Amino acid sequence: ENEYGLGIKSYWTGAEGVCVWQPKPYHAAGPRNVVNGGIIATLVDCHSACTAMAAAHQAEDREIGSWPPIWCATASLHVDYLRPARVEAPVELRAWVEKMGERNVVVTCLVSSEGEECARGEVVAVRVQPDWAKEG
């Protein structure tokens with residue numbers, strides 16, 4: 001909902017979170033044809049947190065978006081960069097839960113583009129209070 005955000009949309013398949021995102025020229029750094037590594041890390045962070053929240057809903061046999069909301073925040077983020085992702089091509093993210101505890105969810109996220117893995121991330125997401133995202 002952030003008009004200045006990346007505008008990713010994560011979808012839950014019941015086993016993993018999936019997202020396809022198209023970079024813009026201003027997402028490049030250094031070489032103008034390569035997606036900035038910080039952007040890749042942000043994609044992994046956001047998509048993995050969404051995957052953790054979806055998995056938490058599923059674990060509680062609840063529909064995504066049901067009340068009260070389930071929110072997760074990133075406690076830890078690790079990204080290994082394997083090869084550049086080109087700005088011209090869509091970036092695909094696939095994430096799944098490695099381990100789910102009472103408050104923590106460990107998520108692995110693969111980032112690929114043009115049929116090749118570009119990065120691999122691990123996020124530890126921690127469940128936060130339902131009013132965590134409340135404005136004000």
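**Figure 1. The two ends of helix 1 in the predicted model****.** At the start of helix 1, the backbone nitrogen of G38 is approached by a side-chain oxygen of N36, which comes to within 2.5 Å. The helix comprises 23 residues, and the distance from its first C-alpha to its last is 32 Å, close to the 33 Å expected at 1.5 Å a residue. After helix 1 comes D61, with a positive phi near 55°.

**Figure 2. Surroundings of H47 in helix 1****.** H47 has a relative accessible area of 0% and is therefore classed as buried, the cut-off being under 20%. Its side chain takes part in a polar contact of 2.6 Å with the side chain of S10. A polar atom of the H47 side chain also lies 3.0 Å from the backbone oxygen of G17.

**Figure 3. A49 of helix 1 and its spatial relation to T74****.** A49 belongs to helix 1. Its relative accessibility is 9%, so A49 counts as buried. In sequence, A49 and T74 are separated by 25 residues, whereas their C-alpha atoms are 6.7 Å apart in space.

**Figure 4. The largest pocket and its lining****.** The volume of the largest pocket is about 1,000 Å³. Its lining consists of 30 residues, and those nearest the pocket centre are E1, I8, C50, M53 and W71. Strand 1 (11-12), helix 1 (37-59) and strand 3 (71-81) are the elements that each give two or more residues to this lining. Helix 1 supplies the largest share, with 9 residues. Sorted by class, the lining of the largest pocket holds 16 nonpolar, 11 polar and 3 charged residues.

**Figure 5. Arrangement of the open sheet****.** The sheet is built from 6 strands in the order 1-2-4-5-6-3, with antiparallel pairing. Strand 1 and strand 3 occupy the edges and each has a single partner strand, so one side of each is left without a neighbour in the sheet.

**Figure 6. Pairing of strand 4 with strand 5****.** Strand 4 (residues 91-100) and strand 5 (residues 104-113) are joined by 9 bridges in the antiparallel sense. Within this view, L93 has V111 of strand 5 as its bridge partner.

**Figure 7. The hairpin of strand 5 and strand 6****.** Strand 5 and strand 6 form a hairpin in which 2 residues lie between the strands. In the turn, E114 has a positive phi of about 55°. The two strands, 5 and 6, pair in the antiparallel sense over 10 bridges. One of the facing positions is that of C109, which stands opposite G121 in strand 6.

**Figure 8. A119 in strand 6 and residues around it****.** A119 is a residue of strand 6 (residues 116-128). With a relative accessibility of 1%, A119 counts as buried. Opposite A119 stands Y81, and strand 3 pairs with strand 6 over 10 bridges in the antiparallel sense. A119 and C109 are 10 residues apart in sequence, with a C-alpha to C-alpha distance of 8.3 Å.

Terms used
Residues are numbered from 1 along each chain as its sequence is written. This is a predicted model: local features need pLDDT of at least 70, side-chain atom pairs count only at pLDDT 80 or more; totals for chains, interfaces and linings use all residues. Side-chain values use heavy atoms; hydrogens and water are left out. On a 1 Å grid over the protein atoms alone, a cavity is a set of points where a 1.4 Å probe fits but cannot get out, and a pocket is an open set with protein on both sides within 12 Å along at least five of seven lines; lining residues have an atom within 4 Å of a point. Grid points are joined across faces, edges and corners, and a volume is the space filled by probe spheres set on the points. Helices (H or I, at least four residues) and strands (E, at least two) are DSSP runs, numbered from the N terminus. Ala, Val, Leu, Ile, Met, Phe, Trp, Tyr, Cys and Pro count as nonpolar, Asp, Glu, Lys and Arg as charged, and the others, Gly among them, as polar. The expected span of a helix is 1.5 Å times one less than its number of residues. A polar contact is a pair of N or O atoms within 3.5 Å; within protein, one must be able to donate a hydrogen and the other to accept it, and residues adjacent in sequence count only if both atoms are side-chain atoms. Two strands pair if DSSP finds at least two bridges between them. Buried means under 20% relative accessible area, exposed over 50%, partly exposed in between (1.4 Å probe, protein chains only).
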